[in-house]
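Please find below a short note for colleagues on the structure shown here. The points are numbered for ease of reference.

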Amino acid sequence: MLLNNQNLSVLEVQVLGVYQTKIEVKTISGECLFVYPTQTQKDDPLFWQSLKDIIKAKLWLPINKTLHQLIDSDWLVPTNA
């Protein structure tokens, strides 16, 4: 199932840049926020390389509204099948 339910606590963001260990993002409404990677993400060089590619491609990512962290499952959520 795709993450398209407006009741979910998800924000759609576009990554603008990386500053030390903070990731600056812009929401659809134009608000700028910082996303804070988990410790596992901080220590993963492939995560940072992927993030550079995402910035270059100007892709939109989902983040948790309250924690301001990237969602591991991307735009998909498990179904209750």
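1. Burial. The model under review is predicted. Of the 81 residues in the protein, 30% are buried, where burial denotes a relative accessible area under 20%.

2. Surface. The accessible surface of the protein amounts to about 5,800 Å². Carbon and sulfur atoms account for 55% of that surface.

3. Secondary structure. The protein contains two helices and four strands. Their order along the sequence is β-β-β-α-α-β, with three strands preceding the two helices and one strand following them.

4. Contacts along the chain. Considering contacts between residues at least 6 apart in sequence, 50% link residues that are at least 24 apart.

5. Pairing of β1 with β2. Strand β1 spans residues 10-19, and strand β2 covers residues 22-27. These two strands run antiparallel and are joined by six bridges. Within this pairing, V18 has I23 of β2 as its bridge partner.

6. The hairpin turn. What sign does phi take at Q20, in the hairpin of β1 and β2? Two residues lie between the strands of this hairpin, and Q20 adopts a positive phi near 55 degrees.

7. Pairing of β1 with β4. Strand β1 also pairs with strand β4, which comprises residues 60-64. The sense is again antiparallel, with five bridges between the two strands. In this pairing, L11 lies opposite I63 of β4.

8. Summary of the pairings. Strand β1 is thus described with two antiparallel partners: β2, through six bridges, and β4, through five bridges.

How values were computed:
Residues are numbered from 1 along each chain as its sequence is written. This is a predicted model: local features need pLDDT of at least 70, side-chain atom pairs count only at pLDDT 80 or more; totals for chains, interfaces and linings use all residues. Side-chain values use heavy atoms; hydrogens and water are left out. Buried means under 20% relative accessible area, exposed over 50%, partly exposed in between (1.4 Å probe, protein chains only). Contact means heavy atoms within 4.5 Å. Accessible areas come from the Shrake-Rupley method with a 1.4 Å probe; for residues, only the protein chains shown count as cover. Two strands pair if DSSP finds at least two bridges between them.
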